[in-house]
Structures are given as structure tokens and as C-alpha cells.
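Please open the structure in a viewer and keep the sequence panel visible. The tour proceeds by selections, each followed by a description of what is found there.

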Amino acid sequence: MSSPLPIISGLSDLSGRYDAVLSDVWGVIHNGVAAFPEAVDALRRFRQDGGRVVLITNAPRPSQPIIDMLDRLGVPRDTYDAIVSSGDATRSMIAKYRGRAIHHVGPPTEDDLLYEGLDVRRTGADEAEVVVVTDLDHDDDTPEMYRSRAELWLKRKLPMICANPDRVVEHGNKIIYCGGALGDLYAAMGGIVLMAGKPYQPIYEECFRLAEEAAGKPLQKSRVLAVGDSVRTDATGAAQFGVDLLFITGSIHAAELDAFGKPDPQTIADLLAPSRAHVAGFLPRLSW
């Protein structure tokens, strides 16, 4: 059994121990519909006290559209120093297919910027050399609805580039499936799946570089704090990169952890144990 987690009242309890925060976006700063004012306030206060904030997101789009979305949701730009997205990492993977045919799975127009300037042709699966998954086509879809399509991909031995490793995400008061859930299905069927974003190291290395650039000095990983709501991506990614974790319980795990009622620290610790993350504390929502 894992050890119980330390009880904290907010980020202010930890801020003196860290020079930089690598914060997840969806589920921590907003829920896809509105920003969380307490989270925005916490990150702004951390920066006002001299800390640096880099946002790290598995959104399958380049950074600029995400910045635009944060603007619309009411997340001021002085909340953070920089942002790195899974879409940025995915573009590097897609670039290897320049001049060739790819098959896109996800919202039909929302992710067009992912391919801008990469000179790839979007075709049906019967012609493509690779499948690129940003998310499921519609919010109400489930991965099982794609099994027959995946059978064709598998028959043609198409690799899959999964631009969003998240399995699920909080959207308003709903939990919806993400690209990572479809990647899991394809891998279970025997397909080759290449993941971008968290918990994989390249996105963390870029975040760390930008945090050092913003700080104007080298940083020690022991003084960098990751903030996130997912065991699979945020906790595992923090553990593998060697930074501490502040776990947000009130998002995708809210119901099972009774995040807004009487959460049990031992239950939270047991949930996080497989990730091997070093947990600095937990909060239902990020706050100061």
C-alpha cells in the first residue's frame, strides 16, 4: 500500500519550494467551456512571486490556436510564460510523410492547422500510408464505434500517429473520449501506435527548456512542479521526467475520489501509486 499524501490548502503551501510550474491545461485551468478563476489566480500569483509557468497540453493542435482559445475562455496571457502542445510534437512526426497520403480521424476542420505547411494529402484509409488521430470524430463517440474502421487500418498495416494520448477529458459537466482511447483500441488489436505529448519525454524536455529560458537561468528538476489531473499522462509523465506532482482530483477522477466531498488521501495515493510519481500534494481544483 502506498503512503498517504500530504494535505495542502493551495499552491501557496508549495510555492517556495519550486522555481517553475509545468501545468496541464484542460481539467486544470479550464473545462473546455469556462476557465477556473481560482486556477488562473494561482498561476498568476506564482508568477508574481518570481516563478515561471509553462503550460503543457495534450491538445492535438499547434500552440497558437490554443493560446487563442485560452484568450476566449478568459485565461490572461500573464497567467503563463509559454505553452507546448502535443500538436507541436505531432507535426514533427507527420513531417516524415511529406508529399504522401495520410488518413485523418477527428473533427473534420478543427485540426486543419495541424497539417498547415506539411505538404501531406488527406485521403481515405484505403489509400493512406498512415492514420493520424487527433480525437474521435464526435464528442458522443466511443472507441468501440471505430472497430470496423480499425480492422481496415490493421489489414493494411497502417501505423497510427496519436496526437492526443489522453483517454478522456472533462468537458463542462461531461466526460468524453479522446484520441488516446482510440490508440488503446488499435494497439490492443495489434496495430502500431506512435504517441505524441504526455507522458512522453520530448514534450517535457521542450517545456523544461522554455522554463529555463523564461527564468533566465538553469533550473534543477527538484525545483520544478508538474500540475495535472491524469494518472496516465500527468502523473506518469512527471515521474518519468523526474519532477514532483501536484495532483488535481476534481476533474476526470472527481467521482471515484469524492473530490469535492470527503476525499481519502490513502485512496488518492493508491490511485497514483502505479505512476510512481513523487506527489507534493493534491487539490480538488488548482488554487492559491
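The stops below pass from a sheet to a helix, then to aromatic rings and individual side chains.

**The sheet**

Please note at the outset that this is a predicted model. Begin by displaying strands 5, 4, 6, 7 and 10, which form an open sheet of five strands in the order 5-4-6-7-10, with parallel pairing. The edges are strand 5 (121-122) and strand 10 (193-195), each of which pairs on one side only.

Next, select strand 4 (101-105). Five of its five residues are buried, so strand 4 is largely enclosed by the rest of the structure. In a regular strand, side chains alternate between the two faces of the sheet. Colouring by side shows Ala-101, His-103 and Val-105 on one face of strand 4, with Ile-102 and His-104 on the other; both faces are covered.

Now look to the neighbours of strand 4. Two bridges join strand 4 to strand 5 in parallel, and Ile-102 stands opposite Arg-122 of strand 5. The pairing of strand 4 with strand 6 is also parallel and runs over four bridges; here His-103 has Val-131 as its bridge partner.

Move on to strand 7 (residues 160-162), which runs parallel to strand 10 and is joined to it by three bridges. Select Cys-162 to find Met-195 of strand 10 opposite. Which helix packs on the sheet, touching strand 6, strand 7 and strand 10? Helix 3 (residues 86-94) does so, its direction making about 160° with that of strand 7. Add helix 4 to the view: helix 4 lies across strand 4, strand 6 and strand 7, and runs at about 160° to strand 4.

**Aromatic pairs**

How many aromatic pairs does a search of the whole structure find? The search finds three. Select Trp-153 and Tyr-186, an edge-to-face pair with 5.7 Å from centre to centre and 75° between the planes. Trp-153 belongs to helix 4 (residues 147-155) and Tyr-186 to helix 5 (residues 179-188), so the pair ties together parts that are 33 residues apart in sequence. Trp-153 counts as buried, at 1% relative accessibility, and Tyr-186 is buried with a relative accessible area of 1%.

Then select Phe-208 and Phe-241, whose rings are also edge-to-face, with centres 5.8 Å apart and 70° between the planes. This pair links helix 6 (residues 201-215), which holds Phe-208, to helix 7 (residues 231-241), which holds Phe-241. Both phenylalanines are buried. Add Tyr-204 to the selection: ring pairs link Tyr-204, Phe-208 and Phe-241 into a cluster. Displaying Lys-221 as well shows a charged residue over the face of Phe-241, at 3.8 Å from the ring centre.

**Helix 7**

Keep Phe-241 in view and extend the selection to the whole of helix 7. Is helix 7 mostly covered or mostly uncovered? Helix 7 is mostly covered, with eight of its eleven residues buried. Among them are Val-231, Thr-233, Asp-234 and Phe-241. The buried residues of helix 7 pack against helix 6, strand 11 (224-228), strand 12 (244-248) and helix 9 (265-272).

Inspect both ends of this helix. At its start, a side-chain oxygen of Ser-230 reaches to within 3.3 Å of the backbone nitrogen of Arg-232. Just after helix 7, Gly-242 takes a positive phi of about 90°.

**Two buried charged residues**

Select Glu-170, located in strand 8 (residues 168-171). Glu-170 is buried, with a relative accessible area of 9%. Its side chain is joined to that of Ser-251 by a polar contact of 3.1 Å. Beyond its neighbours in sequence, Glu-170 is in contact with residues including Trp-26, Asn-31, Phe-36 and Arg-285. Two of these residues are worth viewing together: Arg-285 lies over the face of Phe-36, at 4.0 Å from the ring centre.

Finish at Arg-52, in strand 2 (residues 52-57). Arg-52 is buried, with a relative accessible area of 16%. The side chain of Arg-52 reaches the backbone oxygen of Arg-47 at 3.4 Å. Other residues in contact with Arg-52 include Asp-19, Phe-46, Asp-81 and Ala-211.

How values were computed. Residues are numbered from 1 along each chain as its sequence is written. This is a predicted model: local features need pLDDT of at least 70, side-chain atom pairs count only at pLDDT 80 or more; totals for chains, interfaces and linings use all residues. Side-chain values use heavy atoms; hydrogens and water are left out. Rings of Phe, Tyr and Trp (its six-membered ring) pair if their centres lie within 6.5 Å; planes under 30 degrees apart count as stacked, over 60 as edge-to-face and the rest as tilted. Buried means under 20% relative accessible area, exposed over 50%, partly exposed in between (1.4 Å probe, protein chains only). A charge sits over a ring if NZ of Lys or CZ of Arg is within 6 Å of the ring centre and within 35 degrees of the ring normal. A polar contact is a pair of N or O atoms within 3.5 Å; within protein, one must be able to donate a hydrogen and the other to accept it, and residues adjacent in sequence count only if both atoms are side-chain atoms. Contact means heavy atoms within 4.5 Å. Two strands pair if DSSP finds at least two bridges between them. Axes are lines fitted to C-alpha atoms, for helices over the stretch in contact, and angles run from 0 to 180 degrees between N-to-C directions. Lists of a residue's contacts leave out its neighbours within four places in sequence.
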